[in-house]
Amino acid sequence: MPGVRPLRTPLLVLTVLSAVLLSGCRSGTETDAAAPTTTTAAAPSTAEVPTAVVSVDPPLGSTEVDPVTPLRVNAGHGTLTSVTVTAADGTPLAGALDPTGVTWTAAADLAYATDYSVSATTTDAAGRTGTTSGTVGTVSPRTLTMPTVFPNADTGVVGVGQPIAITFDEDVTDRAAVERRLSVVTTPAVAGSWSWLSDRSVHYRPAEFWPAYTHVAVDVDTYGLDVGDGVHGEASKHVEFDIGPKRVGVVDADELVLRLYVDDALVREMPTSLGKDSSPTPSGTYVVMQQSREYTMDSSTYGVPIDQPGGYRTPVQYASRLSNSGIFVHGAPWSVGDQGRRNVSHGCLNVSVANAGWFYENFGRGDVVQVSNAGGQLDATDGFGDWNVSWEEWVAGSALPPPAA
């Protein structure tokens, strides 16, 4: 029929319906996008309070520990409430907590060849307690060596020529390690150097004699130290002493007068007789080593039997030893007629008994006697012959490089 389009109406309806449906999908999406955004608050943390932990320095289970290693117990995430450290025989090791309760530090060195039991109790922030325990073992030396220091606390005041002498009873093969543990502090400050005379002996002196009235403090910090070849220091030593006035005796073998000076002022002159041609007195700088009111001179002490030619055993008075080889200032009444004139002794400085007594009373350990124009040179290792070595040679005897200028 004209004007009738029956197929278009359903198509139009379908098209409109599709548009509505599509429009509805888009409208819904736009509505969701425009909606307010909401957030959910984080729930409170439910993480646990960390448990306290303990660390030990050196760590538990350590062996061959240096006994001077400071033993410390530390707490993390908590505090220490108690710490006990005991040796295998039950001896407790003293120590103390710091004010925060976080670190316990031993108050003493450890012993050699000892296992220590360590027990530490802690409390964390939640009030929980815990205990940590274990052992720490120290080194077992092959053998020990004890240092001996001279001068020492019993020596008293010494003279300006007295070196510091440290002697070990075992060989030291790591000289540098030992020397790093030696300290000399003086008042006023005086520069000096150590020098090794042997594997068991090391001495210290300044370039020149000590200034009069110097105070000297010496520390030998060798406990726990491996001095080489498995030998360890048995103990550490601290010594203090004072230097007295400058007392120096001077004798020229061509003149045979012993002149004595105190603080550079001449105080006495003594005629003397030195060693005869067969036993000359070595030239050099001597240091008084020790003194005896009465002493027996015995040739057998330096290899000449008393019943052989040149042998003797003679008691003397006021003997002041100057060397290990047997040179003394002493009273010799039998040679008074020769004193100041000719050399007749076996190497000693013979003076009258009165003069020997004055020397004995007014000079002493560490004071100096200088002999010139006599026999050969005094050996640096004969008594305290240290001053018979140049300063350059002396410093070269140290196991450590000289300090930077």
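Glu255, Arg259 and Glu269 are linked in a network of salt bridges, a salt bridge being a side-chain nitrogen of Lys or Arg within 4 Å of a carboxyl oxygen of Asp or Glu. The structure is a predicted model, in which local features need pLDDT of at least 70 and side-chain atom pairs count only at pLDDT 80 or more, while totals for chains, interfaces and linings use all residues. Residues are numbered from 1 along each chain as its sequence is written, and side-chain values use heavy atoms, with hydrogens and water left out.

**Salt bridges**

By the stated rule the count comes to 10 salt bridges. Three of the pairs are listed here with their N to O distances.

| Pair | N to O distance | Separation in the chain |
|---|---|---|
| Arg142 and Asp229 | 3.3 Å | 87 residues |
| Arg200 and Asp171 | 2.8 Å | 29 residues |
| Asp298 and Arg313 | 3.1 Å | 15 residues |

Helices (H or I, at least four residues) and strands (E, at least two) are DSSP runs, numbered from the N terminus. Arg142 lies in the loop between strand S7 (129-137) and strand S8 (143-145), whereas Asp229 lies in the loop between strand S15 (226-228) and strand S16 (231-233). Both residues of this pair are exposed; buried means under 20% relative accessible area, exposed over 50%, and partly exposed in between (1.4 Å probe, protein chains only).

Arg200 is found in the loop between strand S12 (192-198) and strand S13 (201-206), and its partner Asp171 in the loop between strand S10 (164-168) and helix H2 (175-179). Arg200 counts as partly exposed because its relative accessibility is 34%, and Asp171 is partly exposed because its relative accessible area is 37%.

In the third pair, Asp298 belongs to strand S22 (residues 290-298) and Arg313 to strand S23. Asp298 has 15% relative accessibility and therefore counts as buried; Arg313, at 51%, therefore counts as exposed.

**Strand S24 and its partners**

Strand S23 (residues 313-321) pairs with S24 in the antiparallel sense over 2 bridges, where pairing requires that DSSP finds at least two bridges between two strands. Arg321 has Phe328 in S24 as its bridge partner. The hairpin of S23 and S24 has 6 residues between the strands, and within the hairpin Gly326 takes a positive phi near 100°.

S24 is also joined to strand S25 (residues 349-351) by 3 bridges, and these two strands run parallel. Here Gly331 has Val351 in S25 as its bridge partner.

In a regular strand the side chains alternate between the two faces of the sheet. Both faces of S24 (residues 328-331) are covered: Phe328 and His330 on one side, and Val329 and Gly331 on the other, are all buried.
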